[in-house]
There are 2 protein chains.
Amino acid sequence: MKIDPNSPADLSAQIASAIRDGIVAGLLIVDERLPSEAELAEQFQVSRPTVREALKRLAAQSLIRTQRGATGGAFVNRLSFEDAYSQQVTTSTLLLSMNAVSFDTACEARYALERACAPLSAARRSADQLATMRAEIFRQGQPGLTDEAFCASDVAFHRALVDGAHNPVLSYQLAGAVEAMQPLMNMITFTARDRQSILALHSQIADAIESCDGAAAVAGLSALEEETRKLAADVFARRAAKR
Amino acid sequence: MKIDPNSPADLSAQIASAIRDGIVAGLLIVDERLPSEAELAEQFQVSRPTVREALKRLAAQSLIRTQRGATGGAFVNRLSFEDAYSQQVTTSTLLLSMNAVSFDTACEARYALERACAPLSAARRSADQLATMRAEIFRQGQPGLTDEAFCASDVAFHRALVDGAHNPVLSYQLAGAVEAMQPLMNMITFTARDRQSILALHSQIADAIESCDGAAAVAGLSALEEETRKLAADVFARRAAKR
DNA sequence: GACTTTTAAATGTCTGACAAATGATTTTTC
DNA sequence: GAAAAATCATTTGTCAGACATTTAAAAGTC
């Protein structure tokens, strides 16, 4: 692992890159301890602060973890699904908010992906996920629920649906698509009637999942997508008219 | 934005968190310049190296970019789809390799997601994507192609299929699922006959996309999934038998 | 007015130091 | 001899101050 001191790139970026490559390529295996900061500084011929900046970059991506003390140091981290989830959610959320992605585009992506999960979820969902879905449906029917809480419950409902597929890779990929929509959904104000129709569709989907009917679940999701888009279109049209 | 000096967490992690929250919450907008490192150090009551470590953490996530010189500094970065892609690919790849995800699980997720794209792609694909798909099919038929090159071409084919949906959010989400499979696929050795059958299915899918037949494309992908899983199962069975 | 030089501000890097945590080692105590 | 306590060494976390480098704007020059 070498770096080029004459490159225009930051030394810390180059060092981080070199170590990252080592991890991705499998040269550094999980839980392996990296050399100490002093040794890395020696090895790369840079100062310790520079090495530290590189290590912080890797820590930000959950690629390493550090531990203080006698047997401490930086260790290659086993990237957990949980860590990956939260990174995905942050990245997806910012991606949508910073790139003027239209509501329709995000919505289409989200429901297309969710429909991909539905048949698997119908086949495999456990009682746990079904209970969560029913609980969230109940919550959504409570009067006096704020729009934010309604949206949060909506996300929880859909996550349960996705988790029902019992495929962690799928759950991970979907986490971003579902959660990143939340800020967009929060822009919508739901009337009591809107909530009623969403609730009905949620129930329909939950019923389909319960009776292991994948096709019905897919149909329910499609109906929900249409409803959501119609709702959003109304809100945006009303806002445009006000001006 | 405040930090707690008595928290067990690193100061640089806390500072990074505080700034990240500011960005996600929209308090800091795209291209806005953060205070200089010296000012941040003053503001958070820490030293400049600590501030720098925090900034490097954010830079690792492409949340900020830094510029040297008189009007330089750290600026909130517009997270591009490109940046997000590569992060997703790295994360997904490591996630699969570090968590002993079975071939079947990853494969199932990948094809489920791809099938979600197929109808959209059939409806919207441009000549560009079709040409790429045909070109990759041609490449895959060339004799003397290494297994690695065959897999890389396979990825390119599927990316074109996904991009055909013309939904950047979908493309972004799928990038991880498709590319992260590559290392797993590379473990398989493809006989000439294997390649032939995959090629035939690719052609079938391309035909379906060309004739805007989403259902046929979905069917083709399902057949391809089955073929891929059978191939992998054979390889693994043969390896197990050898021991 | 166009070009060159200077300057100031900012990040990038280095040196050296101390604080704090933590496991290992040694010493003490019973 | 065993357990508890004290000490030690190693490593990361943090700080202070300094210099190098880059860059754009300001000042100077023709």
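Two strands are taken to pair if DSSP finds at least two bridges between them. In this predicted model, strand E1 (residues 64-67) and strand E2 (residues 73-76) of chain A are joined by four bridges and run antiparallel. Within this pairing, Gln67(A) has Gly73(A) of E2(A) as its bridge partner, and Thr66(A) is matched with Ala74(A). The two strands make up a hairpin with five residues between them. In the turn sits Gly69(A), with a positive phi of about 100 degrees.

The hairpin can be placed within the domain layout of its chain. The domain assignment divides chain A into domain 1 (11-76) and domain 2 (81-242). The C-alpha centres of these two domains of chain A are 39 Å apart.

Attention turns next to the interior. The largest nonpolar core contains 155 residues, and those with the most contacts inside it are Ile23(A), Leu170(A) and Ile23(B). It is a general tendency in soluble globular proteins that nonpolar side chains are buried together. Leaving out residues up to four places away in sequence, Ile23(A) touches Leu28(A), Leu63(A), Ile64(A) and Val76(A) from chain A, along with Leu94(B) and Met98(B) from chain B.

Another residue with partners in both chains is Ser12(A), which belongs to helix H1 (residues 11-24) of chain A. Ser12(A) has a relative accessibility of 2% and therefore counts as buried, the cut-off being under 20%. Apart from its neighbours within four places in sequence, Ser12(A) is in contact with Thr50(A), Glu53(A), Ala54(A) and Arg57(A), and also with Lys56(B).

Lys56(B) in turn appears among the buried residues of helix H3 of chain B, together with Thr50(B), Val51(B), Glu53(B), Ala54(B), Leu55(B), Arg57(B), Leu58(B) and Ala60(B). The geometry of this helix is easily checked: H3(B) covers residues 48-60, and its 13 residues should span 18 Å at 1.5 Å a residue, which agrees with the 18 Å between its end C-alpha atoms. The cover over its buried residues draws on both chains. Chain A provides H1 and helix H3 (48-60), while chain B provides helix H1 (11-24), helix H2 (37-44), strand E1 (64-67) and H4, among what is included. Just after H3(B), Ser62(B) adopts a positive phi of about 60 degrees.

Helix H6 of chain A offers a clear case of sidedness. Its buried residues are Gln129(A), Leu130(A), Met133(A), Glu136(A), Ile137(A) and Gln140(A). Viewed down the axis of H6(A), these buried residues fall within an arc of 130 degrees, so they line one face of the helix. The general background is that an α-helix has 3.6 residues a turn, so residues three or four places apart point the same way. On the face turned away from the buried side, H6(A) carries the exposed residues Ala127(A), Asp128(A) and Phe138(A). The buried residues of H6(A) pack against helix H7 (147-163) and helix H10 (192-210) of chain A. The length of H6(A) also fits expectation: its 15 residues (127-141) should span 21 Å at 1.5 Å a residue, and the end C-alpha atoms are 21 Å apart.

In chain B, helix H10 (residues 214-242) has 29 residues and reaches 42 Å from its first C-alpha to its last, close to the 42 Å expected at 1.5 Å a residue. Its buried residues include Gly214(B), Ala217(B), Gly220(B), Leu221(B), Leu224(B), Glu225(B) and Glu227(B), as well as Thr228(B), Leu231(B), Ala232(B) and Val235(B). These buried residues pack against H5, H7, H8 and helix H9 (192-210) of chain B.

Several loop residues of chain B complete the picture. Most residues other than glycine have a negative phi. Ala100(B), although not a glycine, has a positive phi of about 50 degrees. Ala100(B) is located in the loop between helix H4 (81-98) and helix H5 (103-124), and its 74% relative accessibility makes it exposed. His166(B), also a residue other than glycine, has a positive phi near 50 degrees. His166(B) lies in the loop between H7 and helix H8 (168-185) of chain B and, at 42% relative accessibility, counts as partly exposed. Gln142(B) is found in the loop between helix H6 (127-141) and helix H7 (147-163) of chain B. Gln142(B) is partly exposed, with a relative accessible area of 36%. From C-alpha to C-alpha, Gln142(B) is 26 Å from Arg110(B), and the two are 32 residues apart in sequence.

Notes: Residues numbered from 1 in each chain as written. Chains lettered and ligands numbered in written order. Predicted model: local features only at pLDDT ≥ 70, side-chain atom pairs only at ≥ 80, totals over all residues. Heavy atoms only, no water. Core = buried A, V, L, I, M, F, W, Y, C linked by side-chain atoms within 4.5 Å. Buried < 20%, exposed > 50% of the residue type's maximum accessible area, 1.4 Å probe, protein only. Contact = heavy atoms within 4.5 Å. Domains from an automatic or database assignment. Expected span 1.5 Å × (residues − 1). Arc of directions from axis to C-beta.
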